[in-house]
Amino acid sequence: MPPAAPRSGEAIFSSVDRVNAELFTLTYGAIVRQLLNDLEEVEEVNKQLDQMGYNIGIRLIDEFLAKSNVSRCVDFKETAEMIAKVGFKMFLGVTASVTKWDADGSCCSIVLEENPLVDFVELPDTCQGLYYCNILSGVIRGALEMVAMKTEVTWIRDMLRGDDAYELQVKLLSQLPEEYPYKDD
Ligand code: MYR
């Protein structure tokens with residue numbers, strides 16, 4: 001008997017989406033495993049993942065701005081919300097919440113309610129010190145640099161290290177005025 005036809009376009013779309021998400025998660029896992037094999041120190045793996053994320057982030061910002069159709073953020077608070085609610089949704093399929101603002105609005109935490117990168121992942125004891133999701137901190141740092149914000153992005157909590165959530169601290173170090181790209185003549 002032939003397999004039952006999917007009932008709607010939505011059913012087809014969501015199953016393709018799920019397969020893509022799983023493929024992405026497994027591919028990321030394979031990259032981390034390869035880096036662990038190739039590099040001697042876990043610290044080096046953390047650095048490489050962050051750098052890979054940065055290289056992705058500096059390109060991904062164009063796609064984000066083109067696809068999201070959002071207007072420019074007025075301040076860093078709006079930018080953080082944009083990353084958590086629109087950026088994470090667009091590229092990871094999940095949303096995050098923004099908490100722990102400091103007094104001057106230049107440092108906050110982004111807390112992920114779900115983290116598809118870690119599906120199927122269990123870290124052996126030999127990987128103590130690994131920030132498995134370090135690619136994400138690099139992506140945020142790279143993307144923000146392209147809109148003239150220098151940031152430092154640090155993992156505060158990581159469930160793979162026994163914490164109760166995934167929490168990234170994003171600290172704005174400096175913000176340059178963006179140059180007007182056209183001549184006024
Ligand atoms: C603006 O100021 O005009 C908008 C800046 C928004 C920056 C959003 C960057 C998106 C980064 C996505 C991170 C996704 C991580 C999976």
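**Exercise 1. Is Cys-108 buried or exposed, going by the other C-beta atoms within 10 Å?**

Some ground rules come before the solution. This is a predicted model, in which local features need pLDDT of at least 70 and side-chain atom pairs count only at pLDDT 80 or more, while totals for chains, interfaces and linings use all residues. Residues are numbered from 1 along each chain as its sequence is written.

Step 1. Fix the scale. A residue is buried if 20 or more other C-beta atoms lie within 10 Å of its own, exposed if 12 or fewer, and partly exposed in between, with C-beta atoms placed from the backbone.

Step 2. Apply the count. Cys-108 has 23 other C-beta atoms within 10 Å, so Cys-108 is buried.

Step 3. Place the residue. Cys-108 sits in strand β2. Strands (E, at least two residues) and helices (H or I, at least four) are DSSP runs, numbered from the N terminus.

Step 4. List the partners. Two residues are in contact if their C-beta atoms, placed from the backbone, lie within 7 Å. Leaving out residues up to four places away in sequence, Cys-108 touches Ala-80, Val-98, Thr-99, Lys-100, Trp-101 and Val-170. Cys-108 and Gln-169 are 61 residues apart in sequence, yet 5.8 Å apart in space, C-alpha to C-alpha.

**Exercise 2. Work out the setting of Val-111.**

Step 1. Val-111 also lies in strand β2.

Step 2. Val-111 has 17 other C-beta atoms within 10 Å and is therefore partly exposed.

Step 3. Its contacts, again without residues up to four places away in sequence, are Ala-96, Ser-97, Thr-99, Ala-165, Tyr-166 and Glu-167. For Val-111 and Tyr-166, a sequence gap of 55 residues goes with 5.7 Å in space, C-alpha to C-alpha.

**Exercise 3. Describe the chain as a whole.**

Step 1. Count the elements. The protein chain has four helices and four strands.

Step 2. Read their order. From the N terminus on, they run α-α-α-β-β-α-β-β.

Step 3. Check burial. Of the 185 residues in the protein chain, 25% are buried.

Step 4. Check range. Among contacts with a separation of 6 or more, 55% join residues 24 or more positions apart.

**Exercise 4. Which residues of the largest nonpolar core touch the most other members?**

Step 1. Define the core. It is a set of buried Ala, Val, Leu, Ile, Met, Phe, Trp, Tyr and Cys residues joined through C-beta atoms within 7 Å.

Step 2. Name the residues. Among its 31 members, Ala-80, Ile-110, Cys-133, Ile-140 and Val-170 touch the most others.

Step 3. Name the elements. Two or more residues come from each of α1 (9-38), α2, α3, β2, α4, β3 and β4. The biggest contribution is from α4, with six residues.

Step 4. Look at one member. Neighbours within four places aside, Ile-110 is in contact with Ala-80, Ile-83, Ala-84, Ala-96, Val-98, Leu-168 and Val-170.

**Exercise 5. Analyse helix α4.**

Step 1. Take its length. α4 has 13 residues and reaches 19 Å from its first C-alpha to its last, close to the 18 Å expected at 1.5 Å a residue. The expected span is 1.5 Å times one less than the number of residues.

Step 2. Judge its burial. 11 of the 13 residues are buried, so α4 is largely enclosed by the rest of the structure.

Step 3. Find its partners. The buried residues of α4 pack against α2, α3, β3 and β4.

Step 4. Look past its end. Ala-148 follows α4 and has a positive phi, near 70 degrees. Ala-148 is in the loop between α4 and β3. Ala-148 is exposed, with 12 other C-beta atoms within 10 Å.

**Exercise 6. Trace α3 and the shell around the ligand.**

Step 1. Inspect the helix. α3 has a kink of about 35 degrees, centred on Ile-83. The bend at a residue is the angle between axes fitted to the seven residues ending there and the seven starting there.

Step 2. List its buried residues. They are Phe-76, Thr-79, Ala-80, Ile-83, Ala-84, Gly-87 and Phe-88.

Step 3. Turn to the ligand. A residue is near a molecule if its C-beta atom, placed from the backbone, lies within 6 Å of it. Of the 16 residues around the ligand, Arg-72, Cys-73, Gly-87, Phe-91 and Ala-143 come nearest.

Step 4. Assign the shell. α2 (42-68), α3 (76-92) and α4 (134-146) each supply at least two residues. α3 gives the most, with seven.
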